[in-house]
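Biologist: Please take a close look at the surroundings of the ligand, and place them within the protein as a whole.

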Amino acid sequence: MDAWSLMQSAARADSLPRSVLKGTLPRIWRFAHRHHRMLAVFLTLATASAVIGVATPVLAGRVISAITSAAPASTVVMIALVIAGLAVVDAGITLAERWLSSRIGEGLIYDLRLAVFSHVQRMPLAFFTRTRTGSLVSRLNNDVIGAQRAFTSTLSGLVTNSIQLVLAVVVMVALAWQVTLLALVLLPIFILPARRMGRRIAALQRESADLNASMTGQMTERFSAGGATLVKLFGRPQAEADEFGHRADRVRAVGVRTAMVNRVFLTCLTLVSALAQALVYGLGGWLAVTGTLDAGTVVALALLLTRLYSPLTSLANARVDVMSALVSFERVFEVLDLEPTLTEPETPTPLPAGPLGVRLHDVRFTYPSASQVSLASLEEVARLDDRVEHEILHGVGLSVAPGGMLALVGPSGAGKSTIASLLPRLYDVDSGGVEIGGVDVRELSFADLRGAVGVVTQDGHLFHDTVRANLAYAAPDATDAQLREAMVRARLGELLDELPAGLDTVVGERGHRLSGGERQRLTIARLLLASPRVVVLDEATAHLDSESEYAVQEALTEALVGRTAVVIAHRLSTVRAADTIAVVEHGRVVEQGTHDELLSRNGRYADLYHTQFASRPSAA
Ligand SMILES: Nc1ncnc2c1ncn2[C@@H]1O[C@H](COP(=O)(O)OP(=O)(O)OP(=O)(O)O)[C@@H](O)[C@H]1O
């Protein structure tokens, strides 16, 4: 190895966070502890298997001794029968061990997956806007499986091999200490490189996991209906294939490197073991020829040597396995360690009955920075962007009386959607507060908040599932009649009649088999079913044709009846109907009042009215 690559491998070894790995062990134990009974039986069986592994060579030696000392034939047969019996017991133990290890391993996969899934669900929206889905999915697939391998193969290997190693050494020393000593002289040649290689391979493992996640990330993104549409529209399939090829190529390269490092390591170990065997044959044979040792002992020693060096090879490798498993665990824990920044109060305040008012007072808000909500490896960047985001809302004050309607208007990027996202508490404010029914949203239980505030965005999401499942997501107990009624109220009656399998028709991922307007109305139907007391909606219908827009507007009007509403308004009829209109600009409310009041003021609203609202033909 030249100096440069030596330095590189040292740098890779150093890049492994050893302190984290140390802290990882007690956490792994907390997960494994749930299976401690099965683990105990499993380890007992592993011990029994190791004892049998050492007993057999000793018995084989006895057979040779019996033969050379001309013992009665029955003795040889007896020993042979014991060897056969042990082989049968060992086979049974191996099966039982496998059964237990897979039960423990699969149980662990289940525990970890459930923990990560539940935890990720509690993460704030900001986490999902930053994270690459594929990378996250890869944590739940590849890394969780890597972690379970620690228990299915590594742990049993460690226990069996350690016991076998100790027993083999003890028995060998008892048989012929000189030969044993000579065989052990080569031990340091084993141990020293094993330590270095372990770290090197763990680093490769980590690199490989990251590269795989990045490849999976591109696949999940490009294979989603939205991503695929974009690729088709902008016609860059070759560039996409090249980029994918580049990622896949790096996966290939790291695969080859890992395989080679592993193989070089193993070959060296096998070579040392073969040399040790030659030594035993040489010295043991010489002692036997000179009459100091009997032939049976030489055979037992030679056989025991395989029980010595083979566990040693595995143990040296187990270090690599343990490192890989720790890396996998660590990657899983890394996700579990992300703090869900939005937490539920321990003793939530209940919401008052009846219609609810909404109030924002002196709200200042900054989108969370990457380092607050995310992980570099999930964003697929080398380092998280640690710049502080700039403040978006600078002291916003707004209020809507119970049952009233507030229209938010203003230029693009002013902060209207940001204000709207604070009501269902997708984000928390930096200072000031958002109140619903006089209670700060941070004081409410998540369930109360979800029940009270309904949101309809321009691109409401639909799961790849049936119409029924998508609607019932908001109201799991709703009957078919209620689902149908909600669809009719959301102006989807015609569609309902046309759907090939009625409510059981599957809508594609993001509802792609429905038109934009139909999709939006389906999300409105879902809102009607949830029947929230406060609705937040984005009226933008720019991407719809006028017929579809009309239907969506009717559905939206239906959604507003009898509810407190905050609407990002795009229509004249909405701003006219609103009790209050707030003009938002650069994160501030610059004007507030009714349509007539604001028009007569001849300020920002009047400008907007003339440019945006009055000019729209379908507006009145
Ligand atoms: N998830 C986010 N992270 C960081 N900044 C964001 C995020 N979402 C929006 N912003 C920024 O916040 C500012 C306000 O955006 P917002 O979407 O609230 O404006 P808007 O008034 O609703 O505009 P539009 O009418 O175009 O939807 C913009 O500068 C935008 O870049």
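Modeller: Two residues are in contact if their C-beta atoms, placed from the backbone, lie within 7 Å. On that basis, residues 24 or more positions apart account for 82% of the contacts in the protein with a separation of 6 or more. This is a predicted model, in which local features need pLDDT of at least 70 and side-chain atom pairs count only at pLDDT 80 or more, while totals for chains, interfaces and linings use all residues. Residues are numbered from 1 along each chain as its sequence is written.

The protein has 23 helices and 12 strands, which are DSSP runs numbered from the N terminus (helices H or I, at least four residues; strands E, at least two). Turning to the ligand, a residue is near it if its C-beta atom, placed from the backbone, lies within 6 Å, and the residues around it are Thr129, Tyr367, Glu389, Ile392, Gly410, Ser412, Gly413, Ala414, Gly415, Lys416, Ser417 and Thr418. Helix α14, residues 416–422, gives the most to this shell, with three residues. By class, the shell has three nonpolar, seven polar and two charged residues, where Ala, Val, Leu, Ile, Met, Phe, Trp, Tyr, Cys and Pro count as nonpolar, Asp, Glu, Lys and Arg as charged, and the others, Gly among them, as polar.

There is also an open sheet of four strands, in the order β2-β1-β4-β5 with antiparallel pairing, where two strands pair if DSSP finds at least two bridges between them. Its edge strands, each pairing on one side only, are β2 (391–400) and β5 (439–440). Strand β1, residues 358–366, is joined to β2 in the antiparallel sense over seven bridges, and Arg364 stands opposite His394 in β2.
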